[in-house]
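Trainee: Could we go through this structure together, one topic at a time?
Mentor: Happily; have a look first, and then ask away.

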Amino acid sequence: MAAVKKVIGIIGAGVSGLIACKYVLQKGFHPVVFEASDAIGGVWTQTIASTRLQTPKFVYEFSDFPWPPHVNDAFPDHDQVLHYLQSYAQHFDLLKHVRFNCRVEGVEYVAASGDGQVVSCDRWGGTGDAFGSEGCWHITFHDALLKSNHVMEVDFIILCIGRFSDFPNLPEFPPNKGPEIFRGQVMHSMDYSRLSDSDAAVLVSGKRVVVVGFQKSAVDIAAECAKANGLKSPCTLLFRHPQWTIPSFNAWGVNLAFLYLSRLSEFLVHKPNEGALLSLLATCLSPLRWMRSKFVESYIKWKLPLKKYNIVPNHSFDEQISSCRIALLPDRFYSCVEEGSIMLKRAANWSFCEKGVVCEQDASPVEADLVILATGYRGDKKLMNIFKSPLFQKIVSGSESNTLGLYRELPCHC
């Protein structure tokens, strides 16, 4: 009698979800992929017109499925990336395992004893293994087509939900100083990115736009507004802290992938639960880590007019890239700043008024018709909220003492 295949629930059909599905199949298990939208691709299905890869395509490539020969750009645009992901899914016949329009509302571990309180990740199977007879997972999801909720039992779950979607990070304001008193329109970059390219162009055309933020979405949207309106209606980029942005993926002729994406670079950083030898090695190499950061910073300050506009960041380039917050500048960004179609506005505190936004150091407001909040996402909340159990919410939230949030307190094995 053939053994029953283990059922693996995979939440999300973006890049990680597709890879997980493919390898789960190779291991002989039965994957069920839950995707809230009607298409694969994750964030690549909802991007603004100018969005491109942040890294060169050679480091954003499946090991067993190369980019097609006709994609010659070092940084493919969002349509090329989405087509690449679709081709990958079709090539490995993954689409039949995806349940589209099924949004997961919550996951819950059900122990055999019924208490569901598992002390740590390595005991979820009861024996230290991924699978065991000690319990299972219940996935509650809403089927948009059937307009009903369902629960599926699986043996294991893989979360591929991403950080940059669904849970926008919205600034809070005192009473009568928030968007409710503004006579114009306010939206988050998440909603802007959901628009088609033509609808986004119509939305900003002829309008006085204020974009809040200095990360990737902010600079991209500001560049699009400048392209649409030019000097007739300059776009104001309002930010609290300047951020490191890169004009290309090279610094003084050295590829950043060599400096930050190599195995050698991993020895330069401390990791949670690292052993004494790795900790000593990272400490001894800290001068090299400092030199690497200053090397890249010197190039950016030489290449871009940061000093001219008083926007040299106070934090190191290392700190920002370790948090996955580096933005590749859109074409002609600082040319638009020079000509005046993008206005840079730095303010420690700001609020809304009837006519636009008011910065604390200014007597008059920045008048606007549209304010776009490119203020990022709460990936931590998104991850926590998918679990029903407070215990699991606490486990996945990590701790503020983490050296690198990337590792989520996972043990380091080299």
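Mentor: Before you ask, a term: two strands pair if DSSP finds at least two bridges between them. Strands are DSSP runs of E with at least two residues, helices are runs of H or I with at least four residues, and both are numbered from the N terminus. This is a predicted model, where local features need pLDDT of at least 70 and side-chain atom pairs count only at pLDDT 80 or more, while totals for chains, interfaces and linings use all residues. Residues are numbered from 1 along each chain as its sequence is written, and side-chain values use heavy atoms, with hydrogens and water left out.

Trainee: In what sense do strand β2 and β3 pair, and over how many bridges?
Mentor: Strand β2 covers residues 30-34. Within this pairing region, F34 stands opposite R99 in β3. The two strands run in the parallel sense, and the number of bridges is two.

Trainee: Which are the edge strands of the open sheet of four strands?
Mentor: The sheet has the order β3-β2-β1-β7, with parallel pairing. An edge strand here pairs on one side only. That gives β3 (98-99) and β7 (156-159).

Trainee: How many salt bridges are there?
Mentor: The rule asks for a side-chain nitrogen of Lys or Arg within 4 Å of a carboxyl oxygen of Asp or Glu. Some are linked in a network, which joins R103, D166 and K382. By this rule the count comes to 16.

Trainee: Is R292, in its salt bridge with D318, buried or exposed?
Mentor: The side chains of R292 and D318 meet at 3.0 Å, N to O. This pair links distant parts of the chain, 26 residues apart, with R292 in helix α9 (residues 286-303) and D318 in helix α10 (residues 317-322). Buried means under 20% relative accessible area, exposed over 50%, and partly exposed in between, using a 1.4 Å probe and protein chains only. R292 has 9% relative accessibility, so it counts as buried.

Trainee: And how does D318 count, buried or exposed?
Mentor: D318 is the acidic partner of R292 in that salt bridge. Its relative accessibility is 9%, so D318 counts as buried.

Trainee: What about K96, which meets D93: buried or exposed?
Mentor: Their side chains form a salt bridge at 3.1 Å, N to O. D93 has 42% relative accessibility and therefore counts as partly exposed. K96 has 59%, so K96 counts as exposed.
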